[in-house]
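Subject: Handing over the structure

Hello,

I am passing the structure on to you with this email, and below it I have written out what was found. Please read the text slowly, with the structure open beside it.

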Amino acid sequence: MAATSFKEVFDKLNQGVVGYVVILLHVVAGSYLVYSQPRSNLAFLVFISSLLSLYFFRADNRFKILVGMLLALVIIPVIGVRNIFYLEVIFQISVFAALSLGLNIVVGFTGLLNLGYVAFYAVGAYLWAFFGSQQFYVLNYAPGTQPPDLPFLLPGDAFYLFLLVAVIIAAITGILLGLPVMRLKGDYLAIVTLGFGEVIRVLANNLDKPINLTNGPQGITPIQRPTMPEWVVDLFNSLFSGVIGHDVKLADMYNVMFYFFALLVIIAIIFVTKRLDDSKIGRAWTAVREDEIAAVAQGIPIVRMKLLAFAVGASFAGLMGVLLAASRTFISPESFNFMQSIGVLSMVILGGIGSIPGVILGAAVLTILNLQVLQGFSLYLNDLRQSDAVIPVINFAWKDLSTQLDPAKYQKLLFGLILIIMMIFRPEGLIPAKRRKRDVSVDETK
Amino acid sequence: MALLEMANITKTFGGLKAISDVTFSLEKGRIVSIIGPNGAGKTTFFNTLTGIYRPDTGTIKFNGKSLVGLRTDQIAACGIARTFQNIRLFADMTVIENIMVGMHVHLKQSPLQTLLRLPGFNREEKEAEVKALRLMQYVGLNNVENELAKNLPYGAQRRLEIARALAADPQLLLLDEPAAGMNPQETEDIIKLFRDIRDNMGITILLIEHDMRVVMNISEDICVMDYGEKIAQGSPAEIRNNTKVIEAYLGRGAVAGQHEEKLQ
Amino acid sequence: MKQFLRYLNVKELVRPIGQMLAFSLGSAAVMSAIILVLALVLDKTAVGTALVNKLNVSLFSYTLSNLPQVVIDGLTIGFVYAAIALGYTMVYGVLQFINFAHSEIFAVGAFVGVEVLIFLQTLGVLSGASVFMAYAYLSLAILLAMLAAGGLAVTVEKIAYRPLRNAPRLVPLTAAIGVSFLLQDLIRLVEGLTTGQFNRIIPTFGNFDDRITGKMTLGATKLFIGISVKSIIVIVAAVLMLVALNYLVNATKVGKAIRAVSQDMRTASLMGINVNRIISITFLVGGLLGGAAGLLYALKFTRIDPFIGFFPGIKAFTAAVLGGIGNMTGALLGGIILGLLETFAGSYLGVFTMGAAGSEYKDIFAFSILILVLIFRPQGLMGKNVGQKA
Ligand SMILES: Nc1ncnc2c1ncn2[C@@H]1O[C@H](COP(=O)(O)OP(=O)(O)OP(=O)(O)O)[C@@H](O)[C@H]1O
Ligand SMILES: [Mg+2]
């Protein structure tokens, strides 16, 4: 009851110029706040939530796209370079949004619960980590024993080629894994994908012998990045160094670049997802999700459709893997554990399974919770521990608080709670998926 | 040559013979019913025909082509569409999308066309939408194209299932208890619909039905099953007077009770 | 006494013991035979020479001399897997639902049991305890572990699964994954806040670490047998529980109701069976077994952490699938086979691959088995092949 009345009130307000005003105000106020208070988490939240206003308030689409581009292409990079931590948060949101969108094809559209999704991410990451580093020349050395000054196998610009290669390899991996197990009932598939995720991680951990493919638990570093032309840095500086307050260094420019890459991937995924969803393929996916037997009786080859979904989802993860390896210049098996897979799944479920804006929101909320709220809370507790403060009534000195109580380390608790609460109270997520309404009439084409 | 020829079909589940040595053939353009007490094996017969189960023995020929060993989707693509005893719609898709899923095998759009939204794609989608809307209206549903299937009332769901099956342009339409749960008026309407489907679309219809008003009214031929066996086949008049059939229904006390009067 | 015996269904006590014996001996014999043949074949190849160069012993006698120990270890862990697998299989039988959080029920059992023992140790009663008292304390710890785990399993079902009983399949599964994650961190949180650390070590007491050793000469090969008392405790305790479970399910009224509900929940409820109560009992029994398995596991491997449930849980699930999910005898067989396979792989993989791959692959071994089983025999070894209904 409360929800509907809130929606009604909101809809009543959300008319005419109100949308334009709110969006502009929110963007301007948010930008100003982060700009003037570069260290405040709250300012950042106000700023980043302007994307919500942009989504929910009614305005002309061209206006929205314009504001969105301004935000994504100018304001975020500038603010991000001023406080590189924000850029990191936004980069991570983008990475997880891309992963969630990929997983959404598999879980949301097709109804296949994939619990080992980051395995495909790992495939992409290790692919570029191997070919874009010195690892090829380390094959015969145990980890840590290689001589210094080994050459790199491929130039950094091969990165672009490997974006494509990773898409293909990850898709093939997805098909190979899917082929034997697609006939199984959904919950078996979940366990098998979970197993696959662990297999990939264990392989990454142990394939430092007999030949050193992955460098074991120590991981591979340095991994190359594509070259950044001098003039890009110069141009950026000549445009923005005044606003930022200092000259931007190459390293920061790289962060901006990878943020742009992630943004491009997101746009590509949304493009592909939307177009597939609204076609024979997407309808077949949803039909398989809704009722396999009815779908197959309508002539839909369910195994092939599931494999396709699996492959498309996997290829996006592979792509993001290459991006991750290059942006971090270091990867190790621990970046690809089960918790990451569940984390991405939680984002999809929290945001709204099958819903593109929902999934992006889910990724943003969880990443911010993770990177800012939990960590902020941890820092706050640490400050208290260092102080002489005492909790009044029960007379408990903060000093004595166990150092184990470190909220930043309790992500599993957070993910677990989200999964349970969403399943019980709102399985459709924060922004539920909607079916497209069609405007068809018979007479005109008669 | 008959449209469908099934010979010596047997299907067992563990020790239970759900279909036992059934031979059956169906001429093009007819409306034929399968009747029989609960658990006689009627639905299993459909499931075996559509490849959901593989028969233990026997042959199935459709237009002279063997269906045994083909996957369900391949069999559907041969021109056999069906509905289900316990309605199976794509609950969270809209009505029109449900029908469009039915056209899956006929849509030619390639992934490339889909991604680039080439003219061929747009034209095909538009045509599919229009065709789906026509089918929706044809089965008697109006102005519900954007409703979710799960929100339709029961009778409308049954009709939607038929529209979805028709969307595949089948040669043979299998209906599993299509009139179950309908009131007399709805039953009357649906009988008309079946006649029209046969007469105007030229689709052969094989239906399972318990409601003898429907069966006796519409069928040109009736096949009776009991305990997995085919015990009789013939015109409504013949079946009405067949002692074996009467025994199968009346000899079974409680279960057959509901059919008793209907048979008369 | 006579009166009592009349009510006791002796057949249901003897039959499971026979089964366990047959499964254990059978699987052990088959696997031993395979590995010995393999060793004989590879003895003259590079694999054999490499071992001779390294340890100065032929591959065959290396394999043979380690065999008894490997079999015992395999059976020990196999029975633990079986006890956990039964929890998965019973719940699956009744609800067709993979209780993903069962591995954390197991972990909670381990923690409660170990904390009880640590508490007894701080009281000072453990160190000087006589052998008899040591067993009494251990039994007490097992009992409390069982109660805690069983109670938790029932609670989780009530809160997180029951509201979702009619939702699509993936919904309760997702909730179960959530519960699993939540419990892992809750254990960590509680342990961290109360003890300041979350890795716990089971106290040493009693004669559990003693080994019954023996040597045997078989031709030119010396066989070393060292069975730790722990292993025997684990096996005996597991066997007792499995017998009790079998009795409960096959020879009591509650058991009959459980079987009825797993056959057909709706009909069972029409027959006047309180389905909710039976489901609670199923979770309770699964939890009791899982909790005991947790402490037994801790006893065997001494060190526990909040994430300890993950691998045993996955492996036990594999065991349940291997045996035929929903089938209790299958879970027993699956557990024993998986425990043996894994221990064989862990012990021999290194030598047989000349060090290229070793026991580090032990944990993913179960997954490979799971995938193979699902491809070639999805209904498992003892499951019935039931088609999907349309
Ligand atoms: N997948 C299956 N596994 C095991 N037994 C089955 C399966 N499908 C059907 N049966 C059994 O086969 C027999 C025939 O069932 P079927 O559903 O074909 O009957 P029916 O004639 O359609 O009955 P109704 O009129 O009630 O729909 C029944 O005894 C049923 O329990
Ligand atoms: Mg039927």
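Before counting anything, it helps to know that helices (H or I, at least four residues) and strands (E, at least two) are DSSP runs, and that they are numbered from the N terminus. Counted in that way, chain C has 14 helices and four strands. Please keep in mind throughout that this is a predicted model.

The radius of gyration of chain C is 22 Å, which is close to the 21 Å that the globule rule gives for 390 residues, and therefore chain C is as compact as a globular protein of that length. Its C-alpha trace spans about 70 × 60 × 50 Å along the principal axes, and 49% of the 390 residues in chain C are buried. If you take the contacts in chain C between residues at least 6 apart in sequence, you will find that 77% of them join residues at least 24 apart.

Next comes the ligand site. Ligand 1 is surrounded by 15 residues, of which the closest are Phe13(B), Ala18(B), Lys42(B), Thr43(B) and Thr44(B). Two elements of chain B, strand 2 (16-26) and helix 1 (42-49), each give two or more residues to this shell, and helix 1 of chain B gives the most, with three residues. By type, the shell around ligand 1 holds five nonpolar, eight polar and two charged residues. Why is the site around ligand 1 shared between chains? The residues that surround ligand 1 come from chains B and C, so the site is shared between them.

Chain B itself is divided into domain 1 (26-79 + 170-264) and domain 2 (89-167), and the C-alpha centres of these two domains of chain B lie 27 Å apart. Where they meet, ten residues of domain 1 of chain B are in contact with eight residues of domain 2 of chain B. On the domain 1 side, helix 2 (72-77) and helix 7 (184-201) of chain B are the elements that give two or more residues, with helix 7 of chain B giving the most, three residues. That side of domain 1 of chain B divides into seven nonpolar residues, one polar and two charged.

Finally, chain A is divided into domain 1 (1-82), domain 2 (88-336) and domain 3 (341-434). Taken over C-alpha atoms, the centres of domain 1 of chain A and domain 3 of chain A are separated by 23 Å.

With best wishes

Notes
Residues are numbered from 1 along each chain as its sequence is written. Chains are lettered from A and ligands numbered from 1 in the order in which they are written. This is a predicted model: local features need pLDDT of at least 70, side-chain atom pairs count only at pLDDT 80 or more; totals for chains, interfaces and linings use all residues. A residue is near a molecule or strand if its C-beta atom, placed from the backbone, lies within 6 Å of it. Ala, Val, Leu, Ile, Met, Phe, Trp, Tyr, Cys and Pro count as nonpolar, Asp, Glu, Lys and Arg as charged, and the others, Gly among them, as polar. Domain bounds come from an automatic or database domain assignment. The radius of gyration is taken over C-alpha atoms; the globule rule is 2.2 Å times the number of residues to the power 0.38. A residue is buried if 20 or more other C-beta atoms lie within 10 Å of its own, exposed if 12 or fewer, and partly exposed in between; C-beta atoms are placed from the backbone. Two residues are in contact if their C-beta atoms, placed from the backbone, lie within 7 Å.
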